[in-house]
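Thanks, everyone, for making the time this morning. I would like to walk you through one structure, so please take a look at it before I go on.

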Amino acid sequence: MLMLKSIKPYYAALLVILILAGCSGGRKVFVEHDYSYETNFKDYSSYTFLECERDTNNLCTEIYEAIRRQMQVRGYKLTADKPTLLVNYGIFYDNLRYQGYMQPVIKNWVDTENDGFRYEPIKYALDKGTLIVSLIDAESDQVVWRGYASGIFKGVENSNNHYRSVVRRIFDQYPLFAKGYDPRRYSEAVGR
């Protein structure tokens, strides 16, 4: 009897460890973004896509559609005629070293346009399977915002909407709307 009492806590601890390992080994995707302080994000209203840098198994098409949905939700118009933004995205299959920046949340900076904010460089070692989405000013050809997610191939077999979810998480870092777009008006029209 004494032996059973000492074994039960061992199994309980082992069970807790297995549960925690199962949760952490799931679909952890690292998401971050950087942006330029020299940008007036309130001036952008339209966009067009640049070609996907690498297409495998129609992955670019799936990600293209997910990005298009996110831009549409934010009020940006897809056009080939004088867009204000260019959208570029690439998929990197190997581990990647990336120079990012610690910055205030973009919404806070756009609301205040505080010139006192500085770029704080940070080096990332991104896991295999990194998606990088860049918004480029069409007039200057300068990247104004870049969102990225690494580890995107983890958990793919378990979800039909995995890449759509990854793109949504990237664009959660970009809570801005197109010039002249009122999301309240859009949600009221949809509700009718």
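Let me begin with Y119, which in this predicted model has a relative accessibility of 36% and therefore counts as partly exposed, since that class runs between 20% and 50%. Its partner is Y101, also partly exposed, with a relative accessible area of 29%. The rings of Y101 and Y119 form an edge-to-face pair, with 5.4 Å from centre to centre and 65° between the planes. Y101 sits in strand β5, whereas Y119 belongs to the loop between α3 and β6, so the pair ties together parts that are 18 residues apart in sequence.

Now to another pair, F41 and Y174, which is edge-to-face, at 6.3 Å centre to centre and 65° between the planes. Here F41 comes from the loop between β1 and β2 and Y174 from the loop between α4 and α5, so that distant parts of the chain, 133 residues apart, are linked. Are these two rings buried or exposed? F41 is buried, at 2% relative accessibility, and Y174 is buried as well, at 0%.

The count of aromatic pairs comes to 20, and one aromatic cluster includes Y101, Y119, F41 and Y174, with W109, W145 and F171 also among its members.

F171 brings me to the helices, because it is one of the α4 residues that make the contact with α2. The axes of α2, residues 59-73, and α4, residues 162-171, come within 9 Å and cross at roughly 40°, and the two helices are therefore oblique to each other. Their crossing is right-handed, and by class the contact has 8 nonpolar, 1 polar and 4 charged residues.

Definitions and conventions:
Residues numbered from 1 in each chain as written. Predicted model: local features only at pLDDT ≥ 70, side-chain atom pairs only at ≥ 80, totals over all residues. Heavy atoms only, no water. Axes fitted to C-alpha atoms, helices over the stretch in contact; angles between N-to-C directions. Helix = DSSP H or I, 4+ residues; strand = E, 2+ residues; numbered from the N terminus. Parallel < 35°, antiparallel > 145°, perpendicular 65-115°, else oblique. Left-handed = near helix turned anticlockwise from the far one by under 90°. Contact = heavy atoms within 4.5 Å. Nonpolar A, V, L, I, M, F, W, Y, C, P; charged D, E, K, R; others polar. Phe/Tyr/Trp six-rings, centres within 6.5 Å; stacked < 30°, edge-to-face > 60°. Buried < 20%, exposed > 50% of the residue type's maximum accessible area, 1.4 Å probe, protein only.
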